[in-house]
Amino acid sequence: MHPHPHCSIVPPHLLAHLAAVDDPRHAVAARAARRALVQLDPLLADREEAFAAPVPPRTAVGGPLERRISDAGRQEILPGTLVRGEGDGATGDEATDEAYDGLGATDALFRQVFGRASIDGAGLPLEATVHYGELYDNAFWDGERMVFGDGDGDVFGRFTRSLTVISHELTHGFTQYSTNLVYEGQSGALNESLSDVFGVLVEQHHLGQTVEQASWLVGEGIFTDQVQGRALRSLAAPGTAYDDDVLGRDPQPATMSDFVITTSDNGGVHINSGIPNHAFYLTALQLGGFAWERAGRIWFDAAVGGGIQANSGFRLFADVTQEAARARFGQDSEEHEAVRQAWAKVEVTG
């Protein structure tokens with residue numbers, strides 16, 4: 001059985017570019033992209049069923065971090081064979097050990113900074129499967145676990161190389177247990193944006209980087225040297241992450257003036273997420289210091305505060321983040337003003 005990769009790191013429009021390439025030099029990558037696209041088809045058919053029903057909140061007391069990494073052996077069967085559990089030493093397999101460390105870094109942000117025990121707030125074990133599929137060009141959260149392909153070796157390398165890929169996908173689990181944003185249109189773009197936001201915050205927290213020191217890139221390191229691009233997305237400058245003859249150009253907008261209307265990619269969830277992404281970046285840049293301390297706290301409060309509905313659009317999300325800033329830091333605070341200005345700059349609010 002093949003799971004439905006509900007929330008994958010590589011957007012369909014990028015895979016479609018690669019799948020259409022008619023160049024012998026990229027034949028392996030094109031075939032790999034076509035296989036990855038085939039697995040995305042079920043999502044387009046059942047996305048409403050998969051995301052409309054809210055996940056019941058967990059109330060149990062959160063326990064300590066528990067990680068379990070399995071190896072699919074390049075088969076498309078989950079979960080695979082358990083190869084590393086919590087507290088076990090490094091295996092020497094790069095993908096296994098990168099996944100283990102990445103799950104730990106993600107848990108550290110949520111637990112140490114926001115006081116949340118795992119992604120569900122109740123100590124949910126963090127599970128991942130590596131070496132999924134043959135030359136599989138994606139990574140995804142399937143509702144229960146992280147799944148990582150090894151890439152085709154031509155355009156994509158292994159997906160565990162990027163901490164932001166691991167943390168982005170695991171944050172889809174956090175969203176599942178908090179806002180449960182429907183994965184289409186503006187609510188789907190917000191779903192993707194939350195994963196990008198907390199994805200970069202995990203990396204910054206892990207490396208001890210300030211706003212100014214951070215790259216603000218998602219997926220840095222998963223492209224091979226043959227690709228003209230730094231990453232999949234940039235929160236600092238949406239639309240600039242890559243510009244490649246094979247993959248095309250990063251289509252993300254930074255403001256509502258360039259909002260993309262499309263029926264593909266569940267209404268452009270990986271594309272229009274650039275707008276709320278940039279609003280978070282502008283907020284963090286205005287506040288300075290460590291982004292997780294104030295800007296990240298505001299976005300976290302908004303996500304768990306109950307004000308975001310499953311079908312929320314950008315405007316409601318902007319209102320909820322402003323209210324979260326006001327509630328935590330005060331009506332006339334620097335933090336509230338930074339959030340207000342950021343949403344105005346990306347043209348979500350007046």
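Me: A salt bridge needs a side-chain nitrogen of Lys or Arg within 4 Å of a carboxyl oxygen of Asp or Glu. Why is Asp 142 said to have no salt bridge?

Reply: This is a predicted model, and the distances come from its atoms. The nearest side chain of opposite charge to Asp 142 is that of Arg 145, 5.1 Å away. The cut-off is 4 Å, so the pair fails. Asp 142 is nonetheless buried.

Me: Where does Asp 142 sit, and what makes its side chain a polar contact partner of Glu 144?

Reply: Asp 142 is in the loop between strand 5 (139–141) and strand 6 (146–148). A polar atom of the Asp 142 side chain lies 2.9 Å from the backbone nitrogen of Glu 144. The limit is 3.5 Å, so that distance passes. The backbone nitrogen of Arg 145 lies 2.8 Å from a polar atom of the Asp 142 side chain.

Me: How many aromatic pairs does the whole structure hold? Why is the pair of Tyr 136 and Phe 140 called edge-to-face?

Reply: The search finds 21 aromatic pairs. For Tyr 136 and Phe 140, the ring centres are 6.2 Å apart and the planes stand at 75°. A pair needs centres within 6.5 Å, and edge-to-face needs over 60 degrees, so both tests are met. Both residues are buried.

Me: What makes Phe 174 and Phe 198 an edge-to-face pair?

Reply: Their centres are 5.5 Å apart, with 70° between the planes. Those values are within 6.5 Å and over 60 degrees, so the label holds. This pair links distant parts of the chain: Phe 174 is in helix 4 (residues 163–176) and Phe 198 in helix 5 (residues 185–207), 24 residues apart.

Me: Why does Phe 174 count as buried?

Reply: Phe 174 has 0% relative accessibility. Buried means under 20%, so Phe 174 qualifies. Phe 198 is buried too, with a relative accessible area of 0%.

Me: How do you know that the charge of Arg 67 sits over the ring of Tyr 100?

Reply: The charged end of Arg 67 is 3.7 Å from the ring centre. The distance limit is 6 Å, so Arg 67 passes that test. Arg 84 also lies over the face of Tyr 100, at 3.6 Å from the ring centre.

Me: How many salt bridges are there? What makes Arg 68 and Glu 127 one of them?

Reply: The structure holds 17 salt bridges. The closest N and O atoms of Arg 68 and Glu 127 are 2.8 Å apart. The pair joins distant parts of the chain: Arg 68 in strand 2 (residues 67–71) and Glu 127 in strand 4 (residues 126–130), 59 residues apart. The distance is within 4 Å, so the pair counts.

Me: Why is Arg 68 called partly exposed?

Reply: Its relative accessibility is 25%. That value falls between 20% and 50%, so the middle class applies.

Me: How do you know that Arg 326 and Glu 323 are about one helical turn apart?

Reply: They are three residues apart in helix 9 (residues 314–329). Their side chains meet in a salt bridge at 2.4 Å, N to O. Arg 326 has 28% relative accessibility and so counts as partly exposed. Glu 323, at 40%, is partly exposed as well. Elsewhere, salt bridges with shared partners join Glu 66, Arg 68, Glu 127 and Arg 145 into one network.

Technical notes:
Residues numbered from 1 in each chain as written. Predicted model: local features only at pLDDT ≥ 70, side-chain atom pairs only at ≥ 80, totals over all residues. Heavy atoms only, no water. Helix = DSSP H or I, 4+ residues; strand = E, 2+ residues; numbered from the N terminus. Buried < 20%, exposed > 50% of the residue type's maximum accessible area, 1.4 Å probe, protein only. Lys, Arg positive; Asp, Glu negative; His and termini not counted. Polar contact = N/O pair within 3.5 Å; in protein donor to acceptor, adjacent residues only side chain to side chain. Phe/Tyr/Trp six-rings, centres within 6.5 Å; stacked < 30°, edge-to-face > 60°. Lys NZ or Arg CZ within 6 Å of the ring centre and 35° of its normal.
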